[in-house]
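Please open the model in a viewer with the sequence panel visible. The tour below proceeds by selection, each stop stating what to pick and what is found there.

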Amino acid sequence: MINQIPTLDISDFGHDPEGFTNAFKRAYTEWGFAGITGHGIDPEQIRNAFAAAQAFFALPVEKKTRYETDAVGRSRGYVPFGTEKAKDSEFSDLKEFYHVGREVAGIAHLAPNVWPAEITAFRSSFESLFTSLDDLAHRLLQVFALSLELPQDYFDTRVNHGEALLRILHYPPILDGNVPNLRAAAHEDINLLTLLVGSEQEGLEVLSRQGEWVPISMIKGTIICNVGDMLQRLSNGTLPSTTHRVVNPQGDKAKSSRYSIPFFMHPNPTMRLDCLPQCVTDDQPLQYPPITASDYLTERLIQIGLMK
Ligand SMILES: O=C(O)CCC(=O)C(=O)O
Ligand SMILES: [Fe+2]
């Protein structure tokens, strides 16, 4: 049997919170990744978002670069092809993207969004998708909190001013089959958790505990949720931030674009990521020194080329 990441139906939490939390904890302890169904997000909303993304990236590059911003860590607007590379990779990834982030009135560290004037439905599509994913991320964080023996609402006030980011990704057609770069080289996500809205196009692979690259086949309507480095730290490594990558398709398939839309849930900058005492045991001694989310993020953004 081919290994596959587990699937969890989050609507089960409503009628069996304890049973669901146990299954959730088992899945994430083993994989750090799972497909989430029963989330209630309207497929129409997702289709509209992909259509808007496709229309934006089809614009000539000189139009797209008008939407670059100087927001810290390039956290708003367009980020051109070749800008980002994975922490341990020699080559940049084969992708361009557009960041839409959280906006809270009066919170200075959250930069305002920019919206491409050419694509009328872009703003409304991504504002509504942001809201839906933010809500789903909150629900999932409640289950993560219970899995870590924390109060269910532990994260609620620790993420409300965090830099949650929707990353609208385009991997252009690969015309030179010999490029050493990957669409996205092996990496771990930096944040608390990532929601990955289904590219139905192949390419995403997850590294299993047995050290095999497992190709992820996206089932329509499933949203992947994976643990990032910040939750790994907080849980003292009991919830792994699993390595993943996006490989280049073979043959003619390489000549088509791939689109995907991850949502990165970040904590408030002041949140402490010190390992939780209940996760430090004789079997699992302390793995990481204490740090705040803000200091940790700065360190990581420099490594991946998004900050100097
Ligand atoms: O495009 C994908 O399927 C994965 C993207 C990803 O892992 C990331 O941007 O962190
Ligand atoms: Fe990732």
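Select Asn-236 in this predicted model. Asn-236 has 21 other C-beta atoms within 10 Å and is therefore buried, the threshold being 20 or more. The residue is located in the loop between α7 (229-234) and β11. Its phi is positive, about 55°, although Asn-236 is not a glycine.

Move next to Glu-149, which also has a positive phi, near 60°, in a residue other than glycine. This residue belongs to the loop between α5 and α6 (156-159). Is Glu-149 buried or exposed? It counts as exposed, because 10 C-beta neighbours lie inside 10 Å and the limit for that class is 12 or fewer.

A further loop position to select is Pro-267, between β12 and α8 (293-303). Pro-267 counts as buried, with 27 C-beta neighbours inside 10 Å. Display its contacts, leaving aside neighbours within four places in sequence: these are Arg-158, Val-159, Gly-162, Leu-192, Met-230 and Ala-293. Then draw a C-alpha to C-alpha distance from Pro-267 to Glu-103: the two are 14 Å apart in space and 164 residues apart in sequence.

**The whole chain**

Zoom out and colour by secondary structure. The protein chain contains eight helices and 12 strands. Its radius of gyration is 19 Å, close to the 19 Å that the globule rule gives for 308 residues, so the chain is as compact as a globular protein of that length. Along the principal axes, the C-alpha trace spans about 55 × 50 × 40 Å. Of the 308 residues, 40% count as buried. Among contacts with a separation of 6 or more, 77% are between residues 24 or more positions apart.

**Strand β5 and its partners**

Select β5 (165-171). All seven of its seven residues are buried, so the strand is largely enclosed by the rest of the structure. Show the side chains: Leu-165, Arg-167, Leu-169 and Tyr-171 point one way, while Leu-166, Ile-168 and His-170 point the other way.

Add β4 (residues 96-101), which runs antiparallel to β5 and is joined to it by six bridges. Within this pairing, Phe-97 has Leu-169 of β5 as its bridge partner. Then add β12, which pairs with β5 in the antiparallel sense over five bridges. Here the bridge partner of His-170 is Tyr-259 of β12.

**Ligand 1**

With β5 and β12 still displayed, select ligand 1 and its surroundings. Which elements give two or more residues to the shell around ligand 1? They are β5, β11 (244-246) and β12 (258-265). The shell has 11 residues, of which Asp-189, Leu-204, Val-246, Ser-260 and Pro-262 come nearest. By class, six residues of the shell are nonpolar, three are polar and two are charged.

**Strand β10 and its partners**

Now select β10 (residues 223-227), another strand that is largely enclosed by the rest of the structure, because five of its five residues are buried. Ile-223, Cys-225 and Val-227 point one way from β10, and Ile-224 and Asn-226 point the other way.

Two neighbouring selections complete this stop. Strand β2 (residues 33-37) runs antiparallel to β10, with four bridges between them; in this pair Gly-35 stands opposite Ile-224. Strand β7 (residues 193-197) is likewise antiparallel to β10 and is joined to it by five bridges. The bridge partner of Val-197 in β10 is Ile-223.

**The nonpolar core**

Which residues have the most contacts inside the largest nonpolar core? They are Ala-137, Leu-166, Leu-193 and Leu-195, in a core of 74 residues. Helix α5 (residues 120-147) gives the most to this core, with 12 residues.

For the last selection, centre on Leu-195 and show its contacts beyond four places in sequence. Leu-195 is in contact with Leu-133, Leu-136, Ala-137, Ile-223, Cys-225, Pro-262 and Phe-263. Several of these have appeared at earlier stops: Ile-223 and Cys-225 point one way from β10, and Pro-262 is one of the residues that come nearest to ligand 1.

How values were computed:
Residues are numbered from 1 along each chain as its sequence is written. Chains are lettered from A and ligands numbered from 1 in the order in which they are written. This is a predicted model: local features need pLDDT of at least 70, side-chain atom pairs count only at pLDDT 80 or more; totals for chains, interfaces and linings use all residues. The radius of gyration is taken over C-alpha atoms; the globule rule is 2.2 Å times the number of residues to the power 0.38. Two residues are in contact if their C-beta atoms, placed from the backbone, lie within 7 Å. A residue is near a molecule or strand if its C-beta atom, placed from the backbone, lies within 6 Å of it. Ala, Val, Leu, Ile, Met, Phe, Trp, Tyr, Cys and Pro count as nonpolar, Asp, Glu, Lys and Arg as charged, and the others, Gly among them, as polar. Two strands pair if DSSP finds at least two bridges between them. A nonpolar core is a set of buried Ala, Val, Leu, Ile, Met, Phe, Trp, Tyr and Cys residues joined through C-beta atoms within 7 Å.
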